[in-house]
Amino acid sequence: MNYYLQKNARLAGTVLSDTDGMPIIGANVFCKETKQGTITDLDGKFYFNNPKKIKTLRVSFVGYVTQNIQVRPGVPVVVSLKEDIALIDEVVVVGYGVQKKKEVTGAVGSVGAEELLKTAGADIGSAMQGLVTGVNVQASSGEPGSMANVQIRGIGSVSGNNQPLYVIDGIPYDGVPYINSNEIERMDILKDAASASIYGTRASNGVVLITTKQGQSGKMKVNFNAYYGIQNLMHTDIPMCNVAEYNYVNYLRTGHKNGNLGYLQLYYNPYGAKYDTNWLDKLIVNNAPMQEYSLGFSGGSKEFVYNLTATYFSQDGTMINSDFDQASVRFNSTFTRNKFKVITSLSGNVRNRTRFPGQAITYAVAQKPYYNIPLDGSTEIFVSDDDPTSSSASQAAQNMANMSQKFVQENKEESTSANANLQIMYNPIKGLTASAKLAYMMGNTFYSEYMPKMTVYMSDGSLSNQSDKFRSYLINRLNRSNKISMEYALNYTASIKKKHNINALLNFSYEKSENGMFYAKNFDILSNDIKVLDAATGNAVASGNENCEVLIGTLGRLQYNYMSRYMLSLSARLDGTSRFSSSNRWGLFPSVMAGWNVSDEKFWKPLKETVNTFRLRASMGMTGNNRFSNLYMAQTVLEEKYNYIFGDEEKVALGMIQKALSNEDLKWETSISNNIGFDMAFLNNKITFGVDAYIANKKDMLFDVSVPPSVSGATNQKVVLNVGDMRNSGIELDLKYKMLRKKHNLTLGFNWFTNSNKVTKISDETDMMFIGTQINSISMLAIKKGYPVGSFFLIPTEGTIKNDEELKDYIERTGDATAHVGAMKYVDTNGDKRINDSDRVYYGSGTPEWEASFNINYSYKNWDFSAQLYSAIGGKVMNVTKQIAFENGTHRDLIYSWSTNNPTSDIPLVYESKEASYRIYSDFFLEDGDFIRLKNVTLGYTLPKNVCTKLGISNWRFYISGQNLLTLSKYTGFDPEVGGNGLSTKGIDNGSYPVSSQVRIGTQLTF
């Protein structure tokens, strides 16, 4: 810092960085004698009046060593602030407060704003992938506007929500919040139950604490960020048959079925080669654009600071009829005067989304390559005489109309949300803070699904007799929600002789959520130009519902540390929820955490220069889960419109039925977690290393249990019971290296973690329960004691039946009289001479066994470079899309199937439609989902300071960035990252919208 006394009796100085010698903007300069403070300007300069009273200045800035400077009038002094690696990310946000990193006793991970902004998109979950150990992030879909599945330390529930609880600036949110990364200052993830238990009933899946950007006193600072990019699918070479290959496959099928290969299909139908359509290519959109623009204002005075961020994001899909755009704004302010502080936050969000037509990919792989339809938005289809469908023109008409509908179908979603919160804090005495917080959230989503009227003409000009199978319709659905949240807290902090430090918190919270839905559908649209319900002539159906939920919580926490060497934290939260009956409404969730900074002990001094930090941590806590889609499982639900005839006159009377069985004894699922860990730092904190190990026991999981007709009075009735337990255990490693030089800065990071899941208890009524999405009325995922939840249980295969001798042997061993030469051989695992569900065995799950990530950030002078490699190993993917292509004879692998000319092939022959060889519950279509991905890579350049000064700006950076540019995987589908909607579809690729690669150019400007 270079400062001097000016002639006009004003003290002036400049704050510089020891790393590169550049001015530091916004450094805090405080005079101990006058108790006045200021911050440095755009040139790193500061000024004080009345310099005669100034003797000592304290200069500080985040990430730098604080220095005390003695003022000597007339003597110029140059002091540069040195970056202190130990202080970077020093403060960690925890539930209802902050802690110094060295005093954290739980398992907490952090992600800064800079890392979040490296991932483009509207989903904050995707931005966390690979950045925090123990946090599994899988893309639910590559469709614009979709949200990733985020799981902290494994699957937390079978029937309930597996997403973590999101808390923005202290306000808990229901579901994943739509918040733009430009609004976020940092994210802190509470992974262990002891850290998360402070949020009680909703914290069993972990907690993500989001801190938004706040204002800083001083001259107003303006930030402008923008980027534009294009997107493409990473893998498009899906092996589908062209028309020649399809005719050859059909030739093998008909020849084998008839006993001789005979002639090609073209001999009988020469029109089979007129068209050659790759239907998957018709769905793909190349170079789909995406863009984002963000403008931020920040500044204020000593008493009042503010931050305003406005962002617009737009993304077109890499497949037809899919796009998303979002406009958001957030305003934060803090007013401080005397003993009062008032914090306000206002935010709004408008989203528009066009959703990809359902089953479009599976429809495409099932289509014959010799079909052809207009792709210009036409709703008229002509089946002419020269189409190769003369013997099945009606079926061809249906197939082509169904496919054509996918190109003209409209699925639109319009959403708005607004949030406001007010917090008032009062410090009546030293160390005591009383606060009151009020928040209100509201949201509305309007969904419209429009299936246009399709007109299909046969060759003679008549309408197809299949018209009723592609009936037009329009659906309107409105979802609305609002929530009010109130909190009152007392927080007391004291330090006794600067050794014994105590923090005590008492908190009371109240939340009330109201939700409503209206649904209407009508059929037979008169004109495709009028897209309203009244323009349809069919029998309209309508329904609606409303529900209300209340959650009350009381929290107490006591934190103690002795000179930051020994740490102890005790907390307990009592929650009551309206989701359960009065007998099980309340739950108590305690926790205890302890830590020891061993490196602060005297006996550690000989090792201090090498091992700068060594901290031990241990915690134990309980959390709960009450987040289930059905709010009324514990209550009797009646459904109207079931009328009865009573009396001699047989008059119709209004009636109701009990819709489902209820269970008043239901209670929330609980998780009891134990965590131990240690943190180390070496070589002046350049190298940091952390390890965590945990065991989390999930108790009283909710399962659907079948009830016999003698009890329920009906068949296929189920009741929800707390009958399941499971365990998650794992190890997490985090290694970082930081090198800071005047011209070179380098940061390397590596993290690795594994999670092992095992069901330890299941309902006594069954050994195995099938769950999840059904394909052809068959489930592939199951729950079985001793195995991970949602595992694949499939029938093993052992190649094809090669000849008549093997056929005879196979029929004798399995009793399968439908088998034929060239068919798949299934393994009778239990030896009962039958092939059925009893022969299914464990084949892994869609959850990776372990994940790892490597990150590099390097800067040289004005250049910067960053990259992230991410890998997920051990997960399985069921390629349902491939199975559908096999079943319809359109997959290219079928040209290598078994035949008399290829008798050693283990690819089964297409013999009949819905061929038994292509059973979806076998292991034939299960593939390894392992992959290594170059998730992010960025090259940037920042204009020199002297250039920026001449331009009247503070900072101007340009960059080019890529996302998902390279993926190494053996998976034969579009993309191995298949998350679906969570547990029920994890690892099942049933026409999943693939994740895309991106290339972007952008700029970041500050003035």
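These exercises walk through one predicted model, each with a worked solution.

Residues are numbered from 1 along each chain as its sequence is written. Local features need pLDDT of at least 70, side-chain atom pairs count only at pLDDT 80 or more, totals for chains, interfaces and linings use all residues, and side-chain values use heavy atoms, with hydrogens and water left out.

**Exercise 1. The whole chain**

Task: State how many helices and strands the chain has, and what share of its residues is buried.

Solution:
- Start with the elements. The chain has 12 helices and 54 strands. Helices (H or I, at least four residues) and strands (E, at least two) are DSSP runs, numbered from the N terminus.
- Turn to burial. Of the 1007 residues, 51% count as buried. Buried means under 20% relative accessible area, exposed over 50%, and partly exposed in between (1.4 Å probe, protein chains only).
- Add the surface. About 45600 Å² is exposed, and carbon and sulfur atoms supply 55% of it. Accessible areas come from the Shrake-Rupley method with a 1.4 Å probe; for residues, only the protein chains shown count as cover.
- Finish with contacts, meaning heavy atoms within 4.5 Å. Among contacts between residues at least 6 apart in sequence, 70% join residues at least 24 apart.

**Exercise 2. Two open sheets**

Task: Give the strand order of the sheet that contains β4, then of the sheet that contains β15.

Solution:
- Fix the rule. Two strands pair if DSSP finds at least two bridges between them.
- Take the sheet with β4. Its 4 strands run in the order β5-β4-β7-β8, with antiparallel pairing, and the sheet is open. The edges are β5 (37-39) and β8 (67-70), each paired on one side only. Neighbouring strands are turned by 25 degrees against each other on average, direction ignored. For such angles, axes are lines fitted to C-alpha atoms, for helices over the stretch in contact, and angles run from 0 to 180 degrees between N-to-C directions.
- Look inside this sheet. β4 (residues 28-31) and β7 (residues 56-60) share 4 bridges. Val29 has Val59 in β7 as its bridge partner.
- Take the sheet with β15. Its 5 strands follow the order β12-β17-β18-β15-β16, and the pairing is mixed. Here β12 (108-112) and β16 (171-173) are the edge strands.
- Check one pair. β15 (residues 165-168) and β16 run antiparallel, joined by 3 bridges. Val167 stands opposite Pro172 in β16.

**Exercise 3. Following β25**

Task: Name the strands that β25 joins through 15 bridges and through 17 bridges.

Solution:
- The 15 bridges lead to β23 (residues 340-354), antiparallel to β25 (residues 410-426). Leu346 has Ala420 in β25 as its partner.
- The 17 bridges lead to β26 (residues 432-451), again in the antiparallel sense. Gln423 is matched with Lys437 in β26.
- Now the turn. The hairpin of β25 and β26 has 5 residues between the strands, and Gly431 takes a positive phi near 90 degrees.

**Exercise 4. Two residues of β38**

Task: Is Asp679 buried or exposed, and which side chain does it meet in a polar contact?

Solution:
- Place Asp679 in strand β38 (residues 669-682).
- Apply the cut-off. Asp679 counts as buried because its relative accessibility is 18%.
- List its contacts beyond four places in sequence: Thr613, Phe614, Arg615, Arg617, Phe689 and Gly690.
- Pick out the polar one. The side chains of Asp679 and Arg617 are joined at 2.7 Å. A polar contact is a pair of N or O atoms within 3.5 Å; within protein, one must be able to donate a hydrogen and the other to accept it, and residues adjacent in sequence count only if both atoms are side-chain atoms.
- Compare Thr670, which also lies in β38. Thr670 is buried, at 13%. Its contacts beyond four places include Phe589, Thr623 and Asp700.

**Exercise 5. Cores and a covered helix**

Task: Which residues touch the most other members of the largest nonpolar core, and how many residues of α11 are buried?

Solution:
- Define the core. A nonpolar core is a set of buried Ala, Val, Leu, Ile, Met, Phe, Trp, Tyr and Cys residues joined through side-chain atoms within 4.5 Å.
- The largest has 77 residues, and Leu280, Leu283, Met780, Ile783 and Met878 touch the most other members.
- A second, separate core has 24 residues, including Val111 and Met441.
- Go to α11 (residues 880-887). Here 8 of its 8 residues are buried. They pack against α7 (360-366), β42 (768-775), β43 (778-784), β50 (876-878) and β51 (926-928).
- After α11 comes Gly889, with a positive phi near 70 degrees.
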